[in-house]
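Biologist: I am new to this structure and would love a close look at one part of it. Could you walk me through its pockets?

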Amino acid sequence: MQLIPEIEAFLGCRTPDAWVHAALADQETLLIDHKNCEFKAASTALSLIAKYNTHIDLINMMSRLAREELVHHEQVLRLMKRRRIPLRPVSAGRYASGLRRVARAHEPAKLVDTLVIGAFIEARSCERFAALVPHLDEELGKFYHGLLKSEARHYQGYLKLALHYGDAEDVQRTVDKVREVEVELIQSPDEEFRFHSGVPA
């Protein structure tokens, strides 16, 4: 599938074929972890509203984003029900926590870094949906194709907020730093299969 060129340029690498093969072989875990990711995305947006409750542009965007992510969460749940996939605990992968380790601890740099990391998570989600769509059955392929635009919009929103609350040169340095870590997480061996995991070990 053709990705938005902007996202191709933003990410430092494409998803390895080995991950796509693993996802197709374990669609149950893929859907359960995808559901969890949508819920965590909504939770992150709400946490940002609570923490930065005087940042009106952030509040407006994150409020809309949280509602949209919860709708996606419900859509995945309905899809799982139709496919008779039972709910079960699936631990969080290393991806998001690995990215957050590079965030600075002081403000306003912490906010800027958090927003850049959010942009990477959304961009990678968009890229992974695009990688999977050509190989999926009609129902799941259509659903994931429908999510591409919203993930791309969320990526753009996070990056726009980072540039709004931070200095452009500093934001670019953070993008470069996070990209390096993100590529390592995507391309290195990973013991667990998850929506954002690396190469299956």
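Modeller: Happy to; what follows goes through the largest pocket and then the second largest one. Please keep in mind that this is a predicted model.

Let us begin with the largest pocket, which holds about 670 Å³ of space. It is lined by 34 residues, and those closest to its centre are Lys40, Thr44, Ala96, Arg100 and Ile121. If you would like to find the pocket by its helices, look for α3 (27-51), α5 (95-100), α6 (109-132) and α7 (138-165), the elements that each give two or more residues to the lining. Among these, α3 gives the most, with ten residues. As for the chemistry of the lining of the largest pocket, 13 of its residues are nonpolar, nine are polar and twelve are charged.

Now for the second largest pocket, whose volume is about 230 Å³. Here 13 residues form the lining, and Asp57, Asn60, Met61, Arg64 and Gly157 are the closest to the centre. Two or more lining residues come from each of α4 (56-82) and α7. The biggest share belongs to α4, which gives seven residues to the lining of this second pocket. Sorted by class, the lining of the second largest pocket has five charged, four polar and four nonpolar residues.

One helix is worth finding on your screen as you go: α7 gives residues to the lining of the largest pocket, and α7 also gives residues to the lining of the second largest pocket.

Methods: Residues numbered from 1 in each chain as written. Predicted model: local features only at pLDDT ≥ 70, side-chain atom pairs only at ≥ 80, totals over all residues. Heavy atoms only, no water. 1 Å grid on protein atoms, 1.4 Å probe; cavity = no way out; pocket = protein on both sides within 12 Å on 5 of 7 lines; lining within 4 Å. Points joined across faces, edges and corners; volume = space filled by probe spheres on them. Helix = DSSP H or I, 4+ residues; strand = E, 2+ residues; numbered from the N terminus. Nonpolar A, V, L, I, M, F, W, Y, C, P; charged D, E, K, R; others polar.
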